[in-house]
Every structure is written in structure tokens, then in C-alpha cells.
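Student: Could you take me through one part of this protein up close? I would like to hear about the aromatic rings and how they are arranged.

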Amino acid sequence: MSELEIYPGTSINGCVFKGLKNLTTVKLPKGLTSINAFLFAGSGLKNINIPESVMSINDNAFSSCKNLRSITIPYNVKYISEATPYTD
């Protein structure tokens, strides 16, 4: 699986995409309110667009994503954890 479109909802529980090296593209749903801790850690994401509905990006959401080149974060995100770097 290299591409994934997530169905609408306000949350994605746990770190379900952690370590999925083949996952390169994700389309996050409108209505998502938070990027959970470790959600994409160690995945193969290349870039990601955060929807405007997201209010927080939590600890290590993109840690060890060695292929990640860009993250588009909307202006209305109110919280980005200090432990949210996308490289180690």
C-alpha cells in the first residue's frame, strides 16, 4: 500500500500508520481535528497536507519519516508539540 485516503471523521486512533515504509501518500479527511502522537512515525510519507480542521499536531507524529520533504500546515493549527520533528 503506497497511497491511502482516509474516510471522514474527527480522529484517527493510535499510531496505526507507524512504520509503514511503503506508505508514501495520505489524504487526510476534512473534519480531522488532531494528528495523534506517533501516527505516521517511521512511515515512508513524502509530503502531507494537513486539513484546515486540524487544531493540534502531537508528539513525534512524523518522527523518523526519512522521505518526508514537506508538510503543509494551515494557519489555524493552535498546538504543535515541541517533540514533533519529522527527522531524527
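Tutor: Happily; here is a look at the rings, with a little background on the chain before we reach them.

This is a predicted model, in which local features need pLDDT of at least 70 and side-chain atom pairs count only at pLDDT 80 or more, while totals for chains, interfaces and linings use all residues. Residues are numbered from 1 along each chain as its sequence is written, and side-chain values use heavy atoms, with hydrogens and water left out.

Let's start with the setting. The protein chain has 7 strands and 0 helices; strands here are DSSP runs of at least two residues and helices runs (H or I) of at least four, numbered from the N terminus. The chain has 88 residues and a radius of gyration of 12 Å, which agrees with the value near 12 Å for a compact globule. That radius is taken over C-alpha atoms, and the globule rule is 2.2 Å times the number of residues to the power 0.38. Of the 88 residues, 39% count as buried, where buried means under 20% relative accessible area, exposed over 50% and partly exposed in between, with a 1.4 Å probe and protein chains only.

Now to the rings themselves. Rings of Phe, Tyr and Trp (its six-membered ring) pair if their centres lie within 6.5 Å; planes under 30 degrees apart count as stacked, over 60 as edge-to-face and the rest as tilted. By this rule there are 2 aromatic pairs. In one of them, the rings of Phe-17 and Phe-40 have planes at 10° and centres 5.3 Å apart, so this pair is stacked. The pair links distant parts of the chain, 23 residues apart: Phe-17 is in the loop between strand E1 (3–5) and strand E2 (25–27), and Phe-40 is in the loop between strand E3 (34–35) and strand E4 (47–49). Phe-17 has 10% relative accessibility and therefore counts as buried; Phe-40, at 0%, counts as buried too.

Phe-40 also forms a stacked aromatic pair with Phe-62, at 5.8 Å centre to centre and 5° between the planes. Because Phe-40 lies in the loop between E3 and E4 and Phe-62 in the loop between strand E5 (56–57) and strand E6 (70–72), this pair ties together parts that are 22 residues apart in sequence. Phe-62 is buried, with a relative accessible area of 1%. Put the pairs together and you have a cluster of Phe-17, Phe-40 and Phe-62, linked by ring pairs.
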